[in-house]
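Let's walk through this structure together, going from one helix to a sheet and then to the chain around that sheet. Please keep the 3D view open as you read.

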Amino acid sequence: MQWPGHKLALGLFATILLAAGLAMTATMLAGRASDGETGTLLAVFPPSTQPNSVFGKIIMAGGKPIRPTWVNGTWVVHGDEPGFAGRLKAQGAIGAYRNSPVLPQLAGCFAYADAKTVEMFAIRP
Amino acid sequence: MSSQAAAPAPQPAFNPTAVIVCGCLIALIAFGVRSTMGLFNQPITEANGWGRETFGLAMALQNLIWGAAQPFAGAFADKFGAYRVIIAGAAIYAVGTALMVTADTGAMMYLSGGLLMGLGIAMTSFSIIMAAFGRLVPPEKRSWAFGIATAASSMGQFVFAPLGQAFIASFGWQTALYLLAGSILFMWLLVMPLRAAKGGVARDETELDMTIAEALSRAIRHPSFVLLTLGFFVCGFQVAFITVHFPPLLIEQGITPQLAAWSIAIVGIFNVVGSYTSGIVGAKYSRRWSLTLLYLTRSVVMTAFFMLPITPLTVVLFSATMGLLWLSTVPLTMGLVTVICGTRYMAMLYGIVFFSHQVGSFLGVWLGGRLYDQYGTYDVVWWLGVALGLFAAIMHWPIKESRAPSFAVPEPAKA
């Protein structure tokens, strides 16, 4: 009986990563705020954008920067004027999101650890 | 007890690729769902008006129950077959996950998120999958199979962390838990290829036929098994301590929260590579020496990190190296259990070793916080981790990587 080897491992892990990536992309797209949306949002600018520049762009869009997240260019922002999300995009944001599914999770053999990590690094508007 | 040689190896009823893929997917789901629990901390705590302690205690219970139940789950897998244990375990795991929705008291949370989930994880985790692989896969492929099962478990967090977050964001935490419970039940479809991995059938002719009680009694009296168990305690201590306390330690040392978070992600990515590679290493080289070297390297890396100035470069290098050494102990340790005690009761005996790991994990998390509170620095517990790494290396050094005489069929007396 022929047992599989490294090719199977490579194929399996590549497929899993691809499926997870597609699922994540789909979720992010589904969570994308419409142009007219207001309130507390995640504003995602290109990662190479300097923090000062991001700060200015948020102000220019008529919003308030609340805090940066651990992902470069991604800020929690707030704006009450209608069309806030659209104005963020006009200022160069890749998108504005109601929530983000992206966050680091490390599961060793002791899951309680994750709770603390999540609290420290959660990206939530 | 009889001294007759074991029956011939079972043949998988399914294609070998299906056996490996389905086993890996079960391990991925089992490890993945539990890795999302941190996401539910805030919503469940807020919804019930609890302090952080209730949820945290439920999760601590879950981990300890997982460790304590693993030998029993393993014994059932050895006796009745891994697939039966996984079917029952998936049901318990799913019920525990779903019941968290209705848990409005601490007691209900301890029952659902603690007891039931802990039991379910013990019955479906990579320990059971590796035992199934150990019986189905030929000896020359066994270590590789242990490696891929561990790596698949590690990948579970990459799949389920965003999935859990997405479920919560899109449907709310209650529905997210129901969806995760449904994901667990998907194991029922995946378990069939493991069916030929039935207990009661040993792989090779050097193993004695004996009862579970006899196997346990012989194992705990065998020095190499005891040393292996003591050594695995250290793995749990170091991994759990770093997972919980490393990011705050970095921030305290002036590293940005961004890099501190990335350090955890780097550990996770390199962990998959390390787990798989250690399976390959275990097939080619001495597992005992590999583990000795691995724990020694952990101590050296931890020492170097603390002695050198902490910079973004050293943080990345440390995280990558520790990631490679993270769960790479698992395939090697399981491999040694198989070599020393055979495959007949490997699930139960690995469960004993794993319980020691979970006790170490608990102490790593708890002592890390306790000693920090007492001394106002992580120095003491960090050096304790270094010392324990050396202790583990010393424990693995004298292990005899061969079948224990009490588990081997005696050779015919020479004329």
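Helix α11 of chain B, residues 223-252 of this predicted model, is a good place to check geometry against expectation. At 1.5 Å a residue, its 30 residues should span 44 Å, and the end C-alpha atoms lie 42 Å apart, which agrees. Follow the axis along and you will find a bend of about 50° at B:His245. A proline, B:Pro247, comes within four residues after that point. How much of α11(B) is buried? The count is 24 of the 30 residues, so the helix is largely enclosed by the rest of the structure. After the helix comes B:Gly254, with a positive phi near 95°.

Now turn to chain A. Its secondary structure amounts to 4 helices and 4 strands, and from the N terminus the elements read α-β-α-β-β-α-β-α. The strands form an open sheet in the order β2-β3-β1-β4, with antiparallel pairing. At the edges sit β2(A) and β4(A), the latter covering residues 95-97, and each of these pairs on one side only. From one strand to the next, the twist averages 35°.

Let's look at the pairings inside that sheet. Strand β1(A), residues 39-44, runs antiparallel to β3(A), residues 74-79, and 6 bridges join the two. One of the partnerships to find on screen is A:Val44 with A:Thr74 in β3(A). Strand β2(A), residues 64-68, also pairs with β3(A) in the antiparallel sense, over 4 bridges. Which residues of β3(A) face A:Lys64, A:Arg67 and A:Pro68? A:Lys64 stands opposite A:His78, A:Arg67 is across from A:Val76, and A:Pro68 has A:Trp75 opposite. When you view these pairs, keep in mind that in a regular strand the side chains alternate between the two faces of the sheet. The hairpin of β2(A) and β3(A) has 5 residues between the strands, and there A:Gly73 takes a positive phi near 85°.

Helix α1 of chain A, residues 6-30, offers another check of length. Its 25 residues reach 36 Å from the first C-alpha to the last, close to the 36 Å expected at 1.5 Å a residue. The buried residues of α1(A) are A:Ala9, A:Leu12, A:Met24 and A:Thr27. For chain A as a whole, 39% of its 125 residues count as buried. Among contacts in chain A with a separation of 6 or more, 63% come from residues 24 or more positions apart.

Finally, a word on confidence. Chain A averages a pLDDT of 81, and 78% of its residues score at least 70. Where in chain A is confidence highest, and where is it lowest? It is highest in helix α3(A), residues 84-90, with a mean of 93, and lowest in helix α4(A), residues 112-121, with a mean of 56. Where pLDDT is low, the predicted coordinates should not be read in detail.

Technical notes:
Residues numbered from 1 in each chain as written. Chains lettered and ligands numbered in written order. Predicted model: local features only at pLDDT ≥ 70, side-chain atom pairs only at ≥ 80, totals over all residues. Expected span 1.5 Å × (residues − 1). Bend = angle between axes of the 7 residues up to and from the residue. Buried ≥ 20, exposed ≤ 12 C-beta atoms within 10 Å, placed from the backbone. Pairing = 2+ DSSP bridges. Axes fitted to C-alpha atoms, helices over the stretch in contact; angles between N-to-C directions. pLDDT = per-residue confidence, 0-100. Contact = placed C-beta atoms within 7 Å.
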